[in-house]
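Let us take the labels one at a time. Each should earn its place from a value and a cut-off.

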Amino acid sequence: MAKKTDSILWLDDEIDLLRPYIIFLEERGYQVTTATNGQDAIDLCEANDYDIVFLDENMPGLSGLETLALIKQKRPNLAVVMITKSEEENIMDMAIGNKIADYLIKPVNPNQILMTLKKHIHKKEIISEQTTVNYQSEFAKIGAQISESLTHEEWSDLYRKLVYWELTLDEAENRMQDLLAMQKTEANGVFAKYIKKNYPIWFENPEMRPMMSPDIFKKKIFPLIDNDEKVFFVVIDNFRLDQWWLIKELLDDYYTIEDDELYYSILPTATQYARNAIFSGLMPLQIEELFPDLWIGEEDEENKNINEEELIQTQITRYRKKIDFSYHKINNTQAGEKLVEQLKQLENKQLNVCVLNFVDMLSHARTESKMIRELANSESAYRSLTKSWFRHSSAFTLFKELAKRDFKVIITTDHGTIQVDKAVKIIGDKNTNVNLRYKVGKSLSYNKKEVFEITQPDKFGLPSPNVSSSYIFALGNDFFAYPNNYNYYVNYYKNTFQHGGISMEEMLIPIVTMNPKKIG
């Protein structure tokens, strides 16, 4: 297991008695340096890069604990294993407080030493090797599942499995990531065919469809309020399952998960359509027909989501419910901090709705900012950046404060996002919308095999800007590009994160109900 670079510093005032252990380790390829007092050990740590230190707790001169503290000042990330004759609680508390990696009780045996080295030096290699073996055994099963005729529930299960392996291989820094990416691309290709075949059926026979954007209030929020629960409903724009799983790790100390599932975003998987559908409980065409003043069309210059609070009220009224609710849109840290300050006044509300726009802004910044592109240059880096933002954000503060109160907290999103890498040529007139993953217009020219087209929008609950308007949606990792300035356009948008089209990442999105643990 050991490599030439695996180096050990062993500190013990009776080091000569440990010679058999040192020979045992050297025979297995480890480089072992010894010291008999704390000051020598500190000097050695300052001059050399060791992988691990074995430190005797009971020494004359500088004690083991004093030596530990000074080593940690100079090498805070160096793994130090304390070896002690004593199991006294106060000694162990002080050692753990100074961030020892592990401790061993004398007399130690060679197998204990080897297990400690495996745990602290070779952990990543072992995890990576075992992860490779585990994924290889799953690879064929996932491939077979992709080729089957799956139901909408089975597609959700498959996507969860792919995201699980994506995060697991990330954590193990595993060489199988490229193979998984190919398998995910294959799955998205089959998923696109599934949507092309079944999306029309869902609108012809609504009873056959999965839970979708207009169903969220009816199926998830109203039943809780009818049961006299207070609900805090948080919609994080542009939020994917993988991002949720990383943020969930940060929330585990504050919440228990009551319900964690996926639902299907409507098409287009874009805020204007999907989020308005959530808040109104209606498809976009129904909003336009029933509440023309509240629907902002593609051709209008106004913000497409300026009427969300009013749309929530129309849904509450339509279901003949009397619900005292509040609505908040958080676009920056100051707005998040202000909402936290208002929580005391919101405790008596039956429903509080909050839209967090940061992930959406991060996605757009990833396209427009060279610095953010470099920080989030891959799926893994994009996930990491999202988690880092959340850990230091007013949003995390909001969730921690909500955990002290009597709310059911529901987290969801309106749609996800996908990293695009293949340009598909289309031609449209000047009135065609600018989104890279879907287009709506009256004179679109495209290869029908490369898109999902809707030529009768009304049958899919979509408004028509013109009598002859049609919609087309990009599939998998594709994005639309015009022939004019094609190469520049492709180079600029390739590997950016976009939404509006058909992929598991955009359509299969989390909705989670949480109960506060009420800590603190």
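**Reading the labels**

Q: What covers the two faces of E6?
A: Buried residues sit on both sides of E6. Val231, Phe233 and Val235 lie on one side. Phe232, Val234 and Ile236 lie on the other. The model is a predicted one.

Q: Why is strand E6 called largely enclosed?
A: The test is a relative accessible area under 20%. Six of the six residues of E6 (residues 231-236) count as buried, so the rest of the structure largely encloses the strand. The two-sided pattern fits a general rule. In a regular strand, side chains alternate between the two faces of the sheet.

Q: How do you know which strands E6 pairs with, and in what sense?
A: Pairing needs at least two bridges. E6 and strand E9 (residues 351-356) share six bridges, in the parallel sense. E6 and strand E10 (residues 408-412) share five bridges, also parallel. So both pass the cut-off of at least two bridges. Take single partners: phenylalanine 232 bridges to asparagine 352 in E9, and valine 231 bridges to lysine 408 in E10.

Q: Where is threonine 412, and is it buried or exposed?
A: Threonine 412 belongs to strand E10. Its relative accessible area is 0%. The limit is under 20%, so buried is the right word. Threonine 412 touches residues of E6, including Phe233, Val234, Val235 and Ile236. Tyr263, Pro510 and Ile511 are also among its contacts, with residues up to four places away in sequence left out.

Q: What makes the largest nonpolar core a core, and which members touch the most others?
A: Members must be buried nonpolar residues joined through side-chain atoms within 4.5 Å. The largest such set has 106 residues. Tyr199, Phe233 and Phe399 touch the most other members. Helix H8 (residues 177-204) gives the most to this core, nine residues. Apart from it lies another core, of 20 residues, including Phe24, Ile52, Val81 and Leu104. In soluble globular proteins, nonpolar side chains tend to be buried together.

Q: What does phenylalanine 399 touch?
A: Its contacts are Val234, Leu251, Tyr255, Leu356, Phe390, Val409, Ile411 and Met514, again leaving out residues up to four places away in sequence.

Q: Why is tyrosine 255 called buried?
A: Its relative accessible area is 2%. That falls under 20%, so tyrosine 255 is buried. Tyrosine 255 is part of strand E7 (residues 255-264). Its contacts, neighbours within four places aside, include Phe399, Leu402, Val409 and Met514. Tyrosine 255 and methionine 514 are 259 residues apart in sequence. Their C-alpha atoms are 6.0 Å apart in space.

Q: What makes the buried residues of H1 line one face?
A: Tyr21, Ile22, Phe24 and Leu25 are the ones buried in H1 (residues 19-26). Seen down the axis, the buried residues fall within an arc of 160°, so they line one face of the helix. Their cover includes strand E1 (7-11), strand E2 (31-35) and helix H5 (110-120).

Q: Why is helix H11 called largely enclosed?
A: In H11 (residues 271-280), 10 of the 10 residues are buried, so the rest of the structure largely encloses the helix. The buried set is not confined to nonpolar side chains: Gln272, Arg275 and Asn276 are among its members. Glycine 281 follows H11, with a positive phi near 70°.

Q: Why is the pair of tyrosine 492 and tyrosine 493 called edge-to-face?
A: Pairing needs ring centres within 6.5 Å, and edge-to-face needs planes over 60 degrees apart. The centres here are 4.8 Å apart and the planes stand at 80°, so the pair is edge-to-face. The count of aromatic pairs comes to 36.

Q: How do you know whether tyrosine 492 is buried, exposed or partly exposed?
A: Its relative accessibility is 29%. That lies between the 20% and 50% limits, so tyrosine 492 counts as partly exposed.

Q: What makes lysine 321 a charge over a ring?
A: The distance limit is within 6 Å of the ring centre. The charged end of lysine 321 sits over the ring of phenylalanine 222, 5.4 Å from its centre. Lysine 425 lies over the face of tyrosine 486, at 4.7 Å from the ring centre.

Terms used: Residues numbered from 1 in each chain as written. Heavy atoms only, no water. Buried < 20%, exposed > 50% of the residue type's maximum accessible area, 1.4 Å probe, protein only. Helix = DSSP H or I, 4+ residues; strand = E, 2+ residues; numbered from the N terminus. Contact = heavy atoms within 4.5 Å. Arc of directions from axis to C-beta. Phe/Tyr/Trp six-rings, centres within 6.5 Å; stacked < 30°, edge-to-face > 60°. Lys NZ or Arg CZ within 6 Å of the ring centre and 35° of its normal.
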